[in-house]
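Hi,

Here is the structure I promised to pass on to you. Have a look at it first, and then read my notes below.

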Amino acid sequence: MLTADIPTRAQLVQRAAEVAPLLRANASKAEDAGRLQDETIEALAGAGVFRLRTPKRYGGYEADTRTLVDVAAELARGDGAAAWTASVYWIPTFMACLFPDSVQDEVFATPDVRICGTLSPSAQATPVEGGIVVNGKWSFVSGAPHAHWQEIIAAQEMPHGQHLPLMALVPMDQLEIVDDWDTSGLRGTGSVSTVARDLFVPQERVMPLPAVLSGQYASQLNADTPAYRAPLLPVAAASSVGTAVGLARAAQDAFFERLPGRTLTYTWYSKQAEAAVTHLQASEAALKADQAEFHAHRLAGLVDSKAASGEEWTVLERARARADLGTAVRLAKESVDIFASASGGSSVYRDVPIQRITRDIQAITLHALMNPATNAELYGRVLCGQQPNTLYI
């Protein structure tokens, strides 16, 4: 693919904005079904969303993480579940680009390939001739119903009772899907569980997770490509943060769409827009959304600049990436909560978007990687000269 064929960031963001109304129209259906509508998936594919992290040699765009942030934010203004699912696909797609090039040839043979995944080592791997046999279950696998491949993590027992986590790629038709996704937030993401039963995975589709986390990648063709030489966890943070930012903007959109026709019941105000309390709420919420966007862009800027220069990451930079993620999520939730509390009793009806936005941002804050308190603690530890208390940095 020629460079001239690669859409610019502005063009990709515009495409996302153009499909957002469809995502918004399908959001309630996705909630009821517990998965995105097929029409939504087709629209996302048509906008090039699934090609953002695919190598150019396979028809992809090799987009930087700032583009991911801005595209996800626009998608989330339509539907947080659609934006989250797209974001979750971007991370395992990046991970697939770390495998040997022959493995990538197999994975990216499918146009607009969709790869779901996990970082949780909740399955067991047993070495056999030519690869491993995997048994186990993974939960919270967003986008699994529409995925072609899953990136899995399984633990291989080692001497002295230790375990080595392994990262592998598996076709979805070799896994069992358990539809156990019945939640209050992000219902449309189809974050079901998947199960492997005596599943053989060839050795070339297996990589030690500690090697991946330390930047020891197996791809030769991607080795000098900026999009694929950044550390996994900062990439994952930058890939996912845009949805939170977009949900804050969605709450703002929803609030101001309803504001002209609203009163403040049991007050002298005939229009909510005239009340001083509304002015204070709107200002504070909008500024928090702006601050969330700042931290998201600072995170993506760090990832993209370090990837472009090829410079080594310090532990402090890695911790700050996690901190920027958590702070953006916290501020986005605070912004949504203010707009929601200012939306009145009628906003509890399911056909009012603010209630879905509120539940979706709440679900995001509870995610282990996104949790504001956990990320703040990690950053504080490193600032105070302590060692990180996690490998996921």
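Phe 255, Phe 256 and Phe 339 come together in one aromatic cluster. This is a predicted model, so please read everything here in that light. In total, the structure holds 7 aromatic pairs. One of them joins Phe 256 and Phe 339 in an edge-to-face arrangement, with 6.1 Å from centre to centre and 70 degrees between the planes. The pair links distant parts of the chain: Phe 256 belongs to helix H7 (residues 232–258) and Phe 339 to helix H9 (residues 315–341), and the two are 83 residues apart. Are these two rings buried or exposed? Phe 339 counts as buried, because its relative accessibility is 1%, while Phe 256 is partly exposed, with a relative accessible area of 38%.

Helix H7 also holds Arg 258. This arginine is partly exposed, at a relative accessible area of 25%. Arg 258 has a distant stretch of sequence beside it too: Ser 343 is 85 residues apart from it in sequence, yet the C-alpha atoms are 8.2 Å apart in space.

Next, the strands. Strand E2 (residues 123–128) pairs with E3 in the antiparallel sense over 6 bridges, and Val 128 stands opposite Gly 131 in E3. The hairpin of E2 and E3 has 2 residues between the strands, and Gly 130 takes a positive phi there, near 85 degrees.

Which strand does E3 pair with besides E2? E3 and strand E7 (residues 192–202) are antiparallel partners, over 8 bridges. You can find this pairing by looking for Val 134, whose bridge partner in E7 is Leu 199, or for Ile 132, whose bridge partner in E7 is Val 201. E7 pairs with strand E6 (residues 176–178) as well, again in the antiparallel sense, over 3 bridges. In that pairing, Val 178 is opposite Ser 193 of E7.

Phe 140 deserves a visit while you are in this part of the model. Phe 140 lies in strand E3 (residues 131–141). Its phi is near 60 degrees, a positive value in a residue other than glycine. With a relative accessible area of 63%, Phe 140 is exposed. A positive phi turns up at Glu 62 too, about 50 degrees, although this residue is not a glycine. Glu 62 sits in the loop between helix H2 (38–46) and helix H3 (65–78).

Phe 140 leads on to the largest pocket. Which residues lie nearest the centre of this pocket? They are Trp 84, Phe 140, His 367, Ala 368 and Leu 369, out of a lining of 37 residues. The volume of the largest pocket is about 940 Å³. Helix H4 (80–96), E3, H7 and helix H10 (353–366) each supply at least two residues of the lining, so H7 and E3, which you have met above, both reappear here. By class, the lining of the largest pocket divides into 18 nonpolar, 16 polar and 3 charged residues.

There is enclosed space to look at as well. The structure holds 1 cavity of 30 Å³ or more, and about 30 Å³ of space lies in the largest cavity. Its lining consists of Arg 35, Leu 36, Ile 41, Thr 85, Tyr 89, Gly 143, Pro 145, His 146, Thr 189 and Gly 190. By class, that makes 4 nonpolar, 5 polar and 1 charged residues.

Last, the cysteines. How many disulfides does a search of the whole structure find? The search finds 0. A disulfide is a covalent bond between the sulfur atoms of two cysteines. Cys 97 is in no disulfide, and the nearest cysteine sulfur, that of Cys 116, is 15 Å away. The cut-off for a disulfide is a pair of cysteine sulfur atoms within 2.5 Å, which is why Cys 97 and Cys 116 do not qualify at 15 Å. Cys 97 counts as buried, at 1% relative accessibility, whereas Cys 384 counts as exposed, at 60%.

If you would like a place to begin, try the aromatic cluster of Phe 255, Phe 256 and Phe 339, and then go to the largest pocket by way of Phe 140.

Best wishes

Definitions and conventions:
Residues are numbered from 1 along each chain as its sequence is written. This is a predicted model: local features need pLDDT of at least 70, side-chain atom pairs count only at pLDDT 80 or more; totals for chains, interfaces and linings use all residues. Side-chain values use heavy atoms; hydrogens and water are left out. Rings of Phe, Tyr and Trp (its six-membered ring) pair if their centres lie within 6.5 Å; planes under 30 degrees apart count as stacked, over 60 as edge-to-face and the rest as tilted. Helices (H or I, at least four residues) and strands (E, at least two) are DSSP runs, numbered from the N terminus. Buried means under 20% relative accessible area, exposed over 50%, partly exposed in between (1.4 Å probe, protein chains only). Two strands pair if DSSP finds at least two bridges between them. On a 1 Å grid over the protein atoms alone, a cavity is a set of points where a 1.4 Å probe fits but cannot get out, and a pocket is an open set with protein on both sides within 12 Å along at least five of seven lines; lining residues have an atom within 4 Å of a point. Grid points are joined across faces, edges and corners, and a volume is the space filled by probe spheres set on the points. Ala, Val, Leu, Ile, Met, Phe, Trp, Tyr, Cys and Pro count as nonpolar, Asp, Glu, Lys and Arg as charged, and the others, Gly among them, as polar.
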